[in-house]
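Got your viewer open? Load the model below and follow along, one selection at a time.

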Amino acid sequence: MMGKLYAVGFGPGGYEHMTAKAIDVIKNADVITGYTTYVEMLKKFFPDKEYVATPMTKEMDRCRMAVDLAAEGKTVAMVSSGDSGIYGMAGILLEIANEKKADVEIETVPGVTAASAAASVLGAPLMTPYSLIMKRVDCAGQGDFIVCFYNPKSKKRADYVEKAAEILMKYRDGKTPVGIVRHAGREEESSYITTLDAVKDAPIDMFSIVIVGNSNTYVRDGKMITPRGYEDKYGFANVE
């Protein structure tokens, strides 16, 4: 029986900031695994679950263990605070599952990010006027940042994505992966992966989120992965 492995972001730590999906996955998992501090945060909300924790610097061991448990047919929740795909374990899990050729289904469960949680406390510090966006796209290109565009295209803003792509291609290869998700988290959700030099022809509208990878981002088995750069005692490094 194929196991299921969830990379779960549980937000800042309070139960009220966990998504309904995260709570459901944690409640129904056979095993919850994660960094010791995160596991201790969850035990007070889910005291009857089975937990397996590892300390800081044991990320690779932790992910291998989670993949192995899922390969045994168990449902495993690998937990991270904030969002598991933003400086969390999702990418490492995908890479290790690929390395081991594990017959495991992996699903990422998004969570409230640290940036969102902190910004809500401070007011509204994350807004950016259009007059500065393209300048910052250029700076992001120079810095090799991952770039995420919200509300990227409308009738009045039909060429914004194309202009942004042209700026980014001054600094990175045209074959850089670009992911497009339409209606993320809704019933009609759909996704599409293309490249930076072809994104101008992609199906993008106001309901889309466009994520442009950096020079290390690659695509495998239909997933965009940006390595975090871990290397462990087995010599495995998160690189393509």
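Start by selecting tyrosine 150 and isoleucine 209: the two are bridge partners, with isoleucine 209 sitting in strand 9. Keep in mind as you click around that this is a predicted model.

Now widen the selection to strand 6 and to residues 208-212, which make up strand 9; the pair runs antiparallel, joined over 4 bridges. Add strands 7 and 8 and you have the whole open sheet, 4 strands in the order 6-9-7-8 with antiparallel pairing. Which strands are at the edges? Strand 6 (147-150) and strand 8 (190-195), each pairing on one side only. Tip the view and look for the twist, which averages 15° from one strand to the next.

Next stop, the cysteines. Pick cysteine 148, which is partly exposed at 36% relative accessibility. Why no disulfide here? The closest cysteine sulfur belongs to cysteine 139 and is 18 Å from the sulfur of cysteine 148, so the two are too far apart for a bond. In fact, the structure holds 0 disulfides. For a contrast in exposure, jump to cysteine 63: buried, with a relative accessible area of 0%.

Last, the second largest pocket, with about 300 Å³ of space. Select Tyr38, Ser80, Ser81, Tyr87 and Gly88, the closest to the pocket's centre of the 20 residues that line it. Then color helix 3 (59-71) and strand 4 (75-80), the elements that each give two or more residues to the lining. Color that lining by residue type and you'll get 10 nonpolar, 6 polar and 4 charged residues.

Technical notes. Residues numbered from 1 in each chain as written. Predicted model: local features only at pLDDT ≥ 70, side-chain atom pairs only at ≥ 80, totals over all residues. Heavy atoms only, no water. Pairing = 2+ DSSP bridges. Axes fitted to C-alpha atoms, helices over the stretch in contact; angles between N-to-C directions. Disulfide = S-S within 2.5 Å. Buried < 20%, exposed > 50% of the residue type's maximum accessible area, 1.4 Å probe, protein only. 1 Å grid on protein atoms, 1.4 Å probe; cavity = no way out; pocket = protein on both sides within 12 Å on 5 of 7 lines; lining within 4 Å. Points joined across faces, edges and corners; volume = space filled by probe spheres on them. Nonpolar A, V, L, I, M, F, W, Y, C, P; charged D, E, K, R; others polar.
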